[in-house]
Amino acid sequence: MLPTTASKGRGAARSAPPLFGPYLRRIVKWQQMDIEYTFWQMVHLCTSPKVVYQHTKYHKQTKNQWARDDPAFIVILILFLVFATSAYCAAFGESAPHAALTIISVVFVHFLFAGLVLATLCWFLTNSYLREEPNSHVVEQRVEWLYAFDVHCNSFFPAFVILYVLQYFLSPLLIAHGFLPALLSNLLFMVAISYYHYLNFLGYDVLPFLDRTTFFLYPIGLVIILSPLMILVGFNPTRYFLSLYFR
């Protein structure tokens, strides 16, 4: 994308649509959500994530904002979380009240609250430390908070596929005692967490006004270092996290 002049940038800023108003109103209007495009994004986040962020550039050019104006991705992801958590509750024979409490915890704590915290942290770090200094002929740009939350949701979806869906079908093996279940469980978590941070990096690297975005890849190195240690001590993350919710 070519930089705009300061005068054009100020005009664009004045004409930019408000982010939260239409976004929140469309949550209860299914007919205004682009479901087909949302599923296309979800598939490509798992297979070709760079293509998704290439479309983010097109969205910026046409809508004058980086963040989505369609809440379909979040709504569908929450529904997936509800279905997946319900499957775990059914598999482990939990009562209806306990299942309802588990679903609420997963949706509102694991996904929404943790996402709000992580998005706010990334939003603060990018705007405070990673932005390039604009010259006098280029309008100052900042990361939208809603875009930071979009990046988290994009990064979360493949992790959901690995740690909620794939782990569910492998859970009879993964919750067993022994070296092999611990090895497979740690590998599963290593891939999911590393891919989350890789997609986080792609989400901010696509913004032309940010610099040093490789910062978001650093946690992958920590995960690669810690995973063999967890395997050596026999720590099984699947058994640990499932034991927090199920008997």
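**Exercise 1. Phe235 and its surroundings**

Task: State whether Phe235 is buried, partly exposed or exposed, and find the loop that holds this residue.

Solution: Phe235 has a relative accessible area of 31% and is therefore partly exposed, since buried means under 20% relative accessible area, exposed means over 50%, and partly exposed lies in between, with a 1.4 Å probe and protein chains only. The structure is a predicted model, in which local features need pLDDT of at least 70 and side-chain atom pairs count only at pLDDT 80 or more, while totals for chains, interfaces and linings use all residues. Residues are numbered from 1 along each chain as its sequence is written, and side-chain values use heavy atoms, with hydrogens and water left out. As for its place, Phe235 sits in the loop between H9 and H10, where helices (H or I, at least four residues) are DSSP runs numbered from the N terminus.

The next step is to look at the residues grouped with Phe235. Together with Leu222, Ile225, Leu226, Leu229, Met230, Leu232, Val233, Tyr240, Phe241 and Leu244, Phe235 makes a nonpolar surface patch of about 1,100 Å². Such a patch joins nonpolar side chains (Val, Leu, Ile, Met, Phe, Trp, Tyr) within 5 Å, using residues with over 30% relative accessible area and no salt bridge, and the areas come from the Shrake-Rupley method with a 1.4 Å probe. Helix H9 (218–232) and helix H10 (237–243) are the elements that give two or more residues to this patch, and H9 supplies the largest share, six residues.

**Exercise 2. Two helices and their spans**

Task: Compare the end-to-end distance of helix H5 with its expected span, then do the same for helix H7.

Solution: The expected span of a helix is 1.5 Å times one less than its number of residues. For H5 (residues 72–91), which has 20 residues, this gives 28 Å, and the end C-alpha atoms are 29 Å apart, so the two values agree. Among the buried residues of H5 are Phe73, Ile76, Leu81, Ala84 and Tyr88, and just after this helix Gly93 takes a positive phi of about 65 degrees.

For H7 (residues 145–174), a straight helix of 30 residues would reach 44 Å, yet the end C-alpha atoms are only 37 Å apart. A bend of about 65 degrees is found in H7 at Tyr168, with the proline Pro172 following within four residues; the bend is the angle between axes fitted to the seven residues ending there and the seven starting there. Finally, 21 of the 30 residues of H7 are buried, so this helix is largely enclosed by the rest of the structure.

**Exercise 3. Salt bridges**

Task: How many salt bridges are there, and which parts of the chain does the pair of Asp150 and Arg68 tie together?

Solution: A salt bridge is a side-chain nitrogen of Lys or Arg within 4 Å of a carboxyl oxygen of Asp or Glu, and by this rule there are three. In one of them, Asp69 meets Lys63 with the closest N and O atoms 2.9 Å apart; Asp69 is partly exposed at 23% relative accessibility, and Lys63 is partly exposed at 38%.

In another, Asp150 pairs with Arg68 at 3.4 Å between the closest N and O atoms. Because Asp150 lies in helix H7 and Arg68 in the loop between H4 and H5, this pair ties together parts that are 82 residues apart in sequence. Both Asp150 and Arg68 are buried, with Arg68 at 11% relative accessibility. The C-alpha atom of Arg68 is also 7.1 Å from that of Tyr147, a residue 79 places away along the chain.

Asp211 and Arg212 form a salt bridge as well, at 3.7 Å from N to O, and here Asp211 is partly exposed at 34% relative accessibility, as is Arg212 at 47%.

**Exercise 4. Positive phi outside glycine**

Task: Where do Asn64 and Arg212 lie, and what is the phi of Asn64 and of Arg212?

Solution: Most residues other than glycine have a negative phi. Asn64, although not a glycine, has a positive phi of about 60 degrees; its place is the loop between helix H4 (49–63) and H5, and at 24% relative accessibility it counts as partly exposed. Arg212, again not a glycine, also has a positive phi of about 60 degrees, and this residue is found in the loop between helix H8 (179–205) and H9.

How values were computed. Patches are made of residues with over 30% relative accessible area and no salt bridge: like charges are joined within 9 Å, nonpolar side chains (Val, Leu, Ile, Met, Phe, Trp, Tyr) within 5 Å.
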